[in-house]
Every structure is written in structure tokens, then in C-alpha cells.
Amino acid sequence: MAQLRKTLGSATDPGMLALQRQMVTQSATTLARWSVGYAAGHYLPIYEKLARRAGIQDPDALESTLMVVDGYLEGLMSAAQAKKAIAASRAIARGTLFSPTAQAAARACSTAASVAFSPTSALGMCGYGAAAAAYDAAGTDQPRATYDRLAQEEFARQLESLQEDSVPDEPNPIQVDWNC
């Protein structure tokens, strides 16, 4: 069995490179909205399912963070409220030791929320999310090649979703150095 990784993908993966190319065509706000929405729809359910199974007291705490950040992006919450919620979600992710799958999903959600203040975190959400999706689909005892294949499939789904949410000819695309 391969040692489990916190994130899947690398700077040279075709799927990650395609995501990077699409991300730099979008504004920070578009990336943040997409990240929060994608994490809420794909990784939050993984975390909540496993947290409930493990008897975690507040399995909906990550959903609250995503809702607060969504409210911030809509102008309904303050930056201070969003940052406080993000800090709480990071603590949840760090404390999610009952399952590597749940921890990857929690990290994906927390990292997605932080895209509101750091657009480059969108790529981190993709890596954590790929791990969550792969471990959820295949379990945690598969060879590395299985996880790599599943990660590429998840990157393709992420890219398709990002392309659907992208603003054509975005006038204010992010300016980033990926440092990968």
C-alpha cells in the first residue's frame, strides 16, 4: 500500500496545469465563488458523512464556514467574520484525525474558504479535493497509481466546473506566481 498523501497532484500534472491556465483567466472573486461552491457540493458531503459516522459533535461546522464566506463574497458579511470562520475551519481540518478521507475533505473545504483572501489557494483546494474524492471512491489501501488516476479524473471534473463558472473575457484576471 502506498503512503497516503495529504494532497494529490503535482505542479507537472496535466490536470493541475490546465486548472492553473483557466484560473489565471478569472478574477479573484470568480475563483472564490467557484471554490466555495465546488467544495460545498463535492467535498463537504464527504466530510459530513464521515463525521456523522464517527460521532463528531458538530458535523455541520464546515458548512457554516462556507456559508459565511459565501455571505462575505455577496457583501452580507464582514471580512472579519469570514476570517474568523476560516480560522475555525482550519482548526477543524487539523483536528480531523479520525479519517484521512475526512481530513482531506475538511482541508479542501477550509482551503476553498480561504480563496476569498488568497486566490492561489484555489489550486490547494483542488489538490486536497482530489485526495478526498480519490480516498472516498477507492478507500485508503490502494496503490499510488489508483490514486493518481482518480486524481486526474477529479481534476478534469474540477476544470469542467471552473470553465462553466468562468466569466468570458474577464476584465480583472488574477495576477499570480504559482511558485510550484
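Helices are DSSP runs of at least four residues, numbered from the N terminus. The structure described here is a predicted model. With that numbering, A116 is found in the loop between helix 6 and helix 7.

A116 is a convenient place to start. Leaving aside residues up to four places away in sequence, A116 touches A32, V69, Y72 and L73. The distance from A116 to R157 is 21 Å from C-alpha to C-alpha, and the two are 41 residues apart in sequence.

Two of the residues that A116 touches, V69 and Y72, also appear in the packing of helix 4 against helix 5. Helix 4 covers residues 61-73, and its axis comes within 9 Å of the axis of helix 5, crossing at roughly 155°. Angles over 145 degrees count as roughly antiparallel, so helix 4 and helix 5 are roughly antiparallel to each other. Helix 4 passes helix 5 in a left-handed crossing. On the helix 4 side, the contact is made by A61, L62, T65, V68, V69 and Y72. Helix 5 contributes A79, Q81, A82, A85, I86, S89 and I92. Sorted by class, this contact has ten nonpolar residues, three polar residues and no charged ones.

Helix 5 also packs against helix 6. Helix 5 spans residues 79-95 and helix 6 spans residues 100-114; their axes come within 8 Å and cross at roughly 165°. That angle makes helix 5 roughly antiparallel to helix 6. The crossing of helix 5 with helix 6 is left-handed. From helix 5, the residues in contact are I86, S89, R90, A93 and R94. From helix 6, they are Q103, A106, R107, S110, A113 and S114. What classes of residue make up the contact of helix 5 with helix 6? There are four nonpolar, four polar and three charged residues. I86 and S89 of helix 5 take part in this contact and also in the contact with helix 4.

Helix 6 has a further partner in helix 3, which runs over residues 44-53. The axes of helix 3 and helix 6 lie 8 Å apart, and the helices pack at an angle of about 140°. Helix 3 and helix 6 are therefore oblique to each other. Their crossing is left-handed. Helix 3 supplies L44, I46, Y47 and L50 to the contact, while helix 6 supplies T101, A102, A105, A106 and C109. Eight of these residues are nonpolar, one is polar and none is charged. A106 of helix 6 belongs to this contact and to the contact with helix 5.

The last feature is a pocket. The largest pocket has a volume of about 150 Å³. Which residues lie nearest the centre of the largest pocket? They are T7, M16, L123, G124 and G127, out of twelve lining residues. Helix 1 (14-23) and helix 7 (121-138) are the elements that give two or more residues to the lining. Helix 7 gives the most, with four residues. By class, the lining of the largest pocket divides into six nonpolar and six polar residues, with no charged ones.

Conventions: Residues are numbered from 1 along each chain as its sequence is written. This is a predicted model: local features need pLDDT of at least 70, side-chain atom pairs count only at pLDDT 80 or more; totals for chains, interfaces and linings use all residues. Side-chain values use heavy atoms; hydrogens and water are left out. Axes are lines fitted to C-alpha atoms, for helices over the stretch in contact, and angles run from 0 to 180 degrees between N-to-C directions. Angles under 35 degrees count as roughly parallel, over 145 as roughly antiparallel, 65 to 115 as roughly perpendicular and the rest as oblique. A crossing is left-handed if the near helix is turned anticlockwise from the far one by less than a right angle, and right-handed if clockwise. Contact means heavy atoms within 4.5 Å. Ala, Val, Leu, Ile, Met, Phe, Trp, Tyr, Cys and Pro count as nonpolar, Asp, Glu, Lys and Arg as charged, and the others, Gly among them, as polar. On a 1 Å grid over the protein atoms alone, a cavity is a set of points where a 1.4 Å probe fits but cannot get out, and a pocket is an open set with protein on both sides within 12 Å along at least five of seven lines; lining residues have an atom within 4 Å of a point. Grid points are joined across faces, edges and corners, and a volume is the space filled by probe spheres set on the points.
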